[in-house]
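Before reading on, please take a moment to look over the sequence and the model shown here. The paragraphs below begin with one pair of strands and then widen the view step by step.

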Amino acid sequence: MAASATPEGALERIVIENCAIATVDADDTEYASGYVVVAGRTIESIGAGKAPEGLENVVRRVDGTGHLVTPGLVNTHHHFYQWITRGLATDHNLFNWLVALYPTWARIDEDMVRAAAQGSLAMMARGGVTTAMDHHYVYPKGSGDLSGAIIGAARETGVRFTLARGSMDRSEKDGGLPPDFAVETLDGALAATEETVKKHHDASFGAMTQVAVAPCSPFSVSTELMKQGAELARRLGVRLHTHGSETVEEEKFCHELFGLGPTDYFASTGWLGEDVWMAHCVHMNDSDIEAFARTGTGVAHCPSSNARLAAGIARVPDMLAAGVPVGLGVDGTASNESGELHTELRNALLINRLGAHKEAALNARQALRLGTYGGAQVLGRASQIGSLEAGKLADLVLWKIDGIGHSSIADPVTAIVFGAAAPVTLSLVGGRPVVENGRLLHVDEDAIARVTRAEAQRLARVAAGS
């Protein structure tokens, strides 16, 4: 229901009522029937029952009957470019998968990366992601402005975004996995990363674009790039991201090359700390977990990708018990073809129950916390997003739970975690609608599908002719 014209300078309000609410605040406050008032880009108030009377400048009222409101989902690890190489090397472990796909990935260009980013972002946003991230580390010579293409796609989609500007300087000739022409030099990678941070990183409250320093992994990056990358990030005041302890083969590689396990190697290069988060961390012993907890180093847990590549089961319950910040990640869609984060809520819970803790590993609310507040923690934005609280940014999702997929599940949080992927009726990012009734508002899904298919086919032709 539209109100009269809003006076100049006054904040416009959106009122959502009659919905179940899971705030994911420090007390896990929930309301069986409550309201959220959004004023401008932030949450003004939240509580049980009806919204306060007499609110001014209300431009929209949403009847949330049959819905659950949660914080928007936060993705903490992804590789957007892989959207155009989905469905390949489906029966490989990590190292064999990388060897199979690097020759194709090394042929990407700006148009391909833009299309792949559009597809990745569209799929996530449609499924409740309000903050996305991309760890992009493949920068072939002459491929164009890949970082700019990715950031532009996020801006068009309307989601909050962190670009983890990756890099590789250890190629096949140095004992690494990437082709020689697909890596950067040490100095080139550092200079390009610094330029990306200075051009695109926004440190302000409510920033839509941030940048992290993100050398790819121990087996594709020199020790000097790791060390100087950490120094660069701290000089510029941005976060650090990389892959860590993903497979037993990686652990063996680190011992053979550096004489250290992955966590000790990261410590020796300056890569443990509250400003660091790492993807996967599947093969962590008690000492590793204690080191992450002691230093505040975060983890991006990617259960579907870990299963797809037979990497193993991360010790998430033990990490949480120790105080390690843990969020969820889709990972690249060449190892998680669905590309959706809300499925990771369910998979994190189910896969961790196959581990040592069995049915006590995770419950529905812990899974939801991983996908919201936990993600905000590892991205360094927990004071702004990740929970529904007055003063925080209005990044929230209205999930429809009165349809056939969920209506017979009494508990709303159980419904969206244990049940099928719930439809998104409304998604707000900074108070701005991004999804309505399951459709993206700012980009054309059908056009994206056509373009991504065409670019995937073009990449396959280019790679076949190389």
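A good place to begin in this predicted model is the pairing of strand β10 (residues 240–244) with strand β11 (residues 276–280), where the two strands run parallel and are joined by 5 bridges. Within this pair, L240 stands opposite V276 of β11. Is β10 mostly covered or mostly open? Strand β10 is mostly covered, since 5 of its 5 residues are buried, and the covering applies to both of its faces: L240, T242 and G244 are buried on one side, while H241 and H243 are buried on the other.

From this strand the view can widen to the nonpolar interior. In soluble globular proteins, nonpolar side chains tend to be buried together. Here the largest nonpolar core holds 108 residues, and the members that touch the most others are W97, W105, L121 and M319. Helix α2 (residues 110–126) contributes the largest share of this core, with 9 residues. Alongside it there is a second, separate core of 16 residues, whose members include C19, V62, L426 and L428. Returning to M319, and leaving aside its neighbours within four places in sequence, one finds this residue in contact with C281, M284, I289, V299, A314, V324 and V326.

The cysteines deserve a separate look, as a search of the whole structure finds 0 disulfides. For C216, the closest cysteine sulfur is that of C254, and because the two sulfurs are 13 Å apart, they are too far from each other for a bond. C216 nevertheless counts as buried, because its relative accessibility is 3%, and C19 is likewise buried, with a relative accessible area of 0%.

Finally, the protein can be considered as a whole. It has 14 helices and 17 strands, and its C-alpha trace spans about 70 × 45 × 45 Å along the principal axes. How does the radius of gyration agree with that of a compact globule, and what is its value? The protein has 22 Å, which agrees with the value near 23 Å that a compact globule of 466 residues would have. Of the 466 residues, 59% are buried, and among contacts with a separation of 6 or more, 74% are made by residues 24 or more positions apart. The accessible surface of the protein comes to about 17100 Å², and 51% of that surface belongs to carbon and sulfur atoms.

How values were computed
Residues are numbered from 1 along each chain as its sequence is written. This is a predicted model: local features need pLDDT of at least 70, side-chain atom pairs count only at pLDDT 80 or more; totals for chains, interfaces and linings use all residues. Side-chain values use heavy atoms; hydrogens and water are left out. A nonpolar core is a set of buried Ala, Val, Leu, Ile, Met, Phe, Trp, Tyr and Cys residues joined through side-chain atoms within 4.5 Å. Buried means under 20% relative accessible area, exposed over 50%, partly exposed in between (1.4 Å probe, protein chains only). Helices (H or I, at least four residues) and strands (E, at least two) are DSSP runs, numbered from the N terminus. Contact means heavy atoms within 4.5 Å. Two strands pair if DSSP finds at least two bridges between them. The radius of gyration is taken over C-alpha atoms; the globule rule is 2.2 Å times the number of residues to the power 0.38. Accessible areas come from the Shrake-Rupley method with a 1.4 Å probe; for residues, only the protein chains shown count as cover. A disulfide is a pair of cysteine sulfur atoms within 2.5 Å.
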